[in-house]
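Here are a few exercises to work through with the model open in your viewer. Try each task before you read the solution below it.

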Amino acid sequence: MCGGRNVTNKRARLIYNPTSGREEIKKRLPDILQRLERGGIETSCHATVSEGDATLAAAEAADRGFDIIIAAGGDGTLYEIINGLAEKDNRPPLGILPLGTTNDFARALGIPKHWEYACDLIIQQYSKPIDLGRANNRFFINIAGGGSLTELTYEVPSKLKTMIGQLAYYMKGLEKMTRLRPTELRIQAKEIGEIHEEIMLFLICNSNSVGGFEKLAPDASLNDGMFDVVILKKCNLGEFIRLASLALRGEHLNDPHVVSFQTNEITVTTPDYVQLNLDGEYGGTLPCTFTVLPSHLNIFVDEAGISTYK
Ligand SMILES: Nc1ncnc2c1ncn2[C@@H]1O[C@H](COP(=O)(O)OP(=O)(O)OP(=O)(O)O)[C@@H](O)[C@H]1O
């Protein structure tokens, strides 16, 4: 698979989550379909009805031979869709309409939040091959993580997110900080050998845009065939808050509590019960081996790289 421009009439399947973000898709759908149609993309729709439905819909769309798949929703919807596509031999290029609450991945790719601009990127049909991550038998596009803080993204109730948007994460984060505790982990990768100690959290990043922190893995690139791993060792609440403020500025990597490196495969095991977070969703439990699938999916992006995330 390789990137490039290809402008002819195409058939697309738009998979949308009607509950994403502030439910904007419900009123925008006719305009979106009309804009895509005028741009030469005939689009039919699937509205997801429950958790996991987008995975089935994406797998079915690939089997039915659609030329393009469009993910309309947030990071959770995107995660489900890539899980429906990752194991297919035929993986149509993916367009993204970022209509969720945080839209970390779209932000990392510079895909505009405004629906008209985002549609225009799909119409333009310039795609770029992107790495995916495999975590045991699931897939992620943005980030995998474990440790008590990473559990918060799937603890935020959807209704709360719809009402107050991203603020819901921060409120939950503050509540969660008081419950921070380290976990005994064994982390193995050929670049570092083995780390066996108490860890607050580990993050395996494909992009550099994670939970509102845009400099958490400052060198992460979506198509370098590598994960950027950031590990936070045991620390107290005061140290954690200091490190979080350093991380906002991308100045945390030299701190003695932080280990960071690049790898294309990493295995994490634990004697404890530790849940995994994949792209903000519950992703099973440890042990887990994480592997990069290089340039595995083509995604429509801004050809000139000039769109700013609005
Ligand atoms: N019809 C539905 N009703 C309720 N939940 C749904 C429905 N369809 C999908 N979902 C679930 O909604 C969850 C959240 O969706 P999504 O990520 O698109 O929006 P968001 O949470 O607002 O955005 P973000 O993840 O970017 O913060 C997904 O995990 C998905 O499984």
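**Exercise 1: the inner face of a helix**

Task: in this predicted model, find which residues of helix α2 (residues 53–63) are buried, and work out where they sit around the helix.

Solution. Start with the list: Ala54, Thr55, Ala57, Ala58 and Ala61 are the buried residues of α2. Now look down the axis of α2: these buried residues fall within an arc of 165°, so they line one face of the helix. Next, ask what covers them. The cover includes strands β2 (10–16), β3 (41–47) and β4 (68–73), along with helix α3. Finally, step just past the end of α2, and you'll meet Gly65, with a positive phi of about 80°.

**Exercise 2: a loop asparagine**

Task: decide whether Asn17 is buried or exposed, and find what it touches.

Solution. First locate the residue: Asn17 belongs to the loop that joins β2 and α1 (25–38). Then count neighbours. Asn17 has 26 C-beta neighbours inside 10 Å, and the cut-off for buried is 20 or more, so Asn17 counts as buried. For contacts, leave out residues up to four places away in sequence; Asn17 then touches Thr48, Ala54, Gly73 and Thr77. One of these, Ala54, is also among the buried residues of α2. For a distance check, take Leu78: it is 61 residues from Asn17 in sequence, with 9.8 Å between their C-alpha atoms.

**Exercise 3: around the ligand**

Task: describe the shell around the ligand by residue, element, type and domain.

Solution. The shell has 24 residues, and the closest to the ligand are Gly73, Gly74, Gly76, Gly100 and Thr101. By element, α3 (75–85) and α6 (158–164) are the ones that give two or more residues; α3 gives the most, with four. By type, you get 16 polar, six charged and two nonpolar residues. By domain, at least three residues come from each of domain 1 (4–130 + 296–300) and domain 2 (138–294).

**Exercise 4: the largest nonpolar core**

Task: work out where the largest nonpolar core lies relative to the two domains.

Solution. This core holds 80 residues, and those with the most contacts inside it are Ile15, Ile69, Ile70, Ile82, Phe202, Ile204 and Cys205. Strand β10 (residues 193–205) is the top contributor, giving seven residues. Domain 1 and domain 2 both give residues to the core, so it lies between them. To zoom in, pick Phe202: beyond four places in sequence, it touches Gly145, Gly146, Gly147, Leu185, Ile187, Val229, Ile231 and Val268.

Key: Residues are numbered from 1 along each chain as its sequence is written. This is a predicted model: local features need pLDDT of at least 70, side-chain atom pairs count only at pLDDT 80 or more; totals for chains, interfaces and linings use all residues. A residue is near a molecule or strand if its C-beta atom, placed from the backbone, lies within 6 Å of it. Ala, Val, Leu, Ile, Met, Phe, Trp, Tyr, Cys and Pro count as nonpolar, Asp, Glu, Lys and Arg as charged, and the others, Gly among them, as polar. Domain bounds come from an automatic or database domain assignment. A residue is buried if 20 or more other C-beta atoms lie within 10 Å of its own, exposed if 12 or fewer, and partly exposed in between; C-beta atoms are placed from the backbone. The arc is that of the directions from the helix axis to the C-beta atoms. Two residues are in contact if their C-beta atoms, placed from the backbone, lie within 7 Å. A nonpolar core is a set of buried Ala, Val, Leu, Ile, Met, Phe, Trp, Tyr and Cys residues joined through C-beta atoms within 7 Å.
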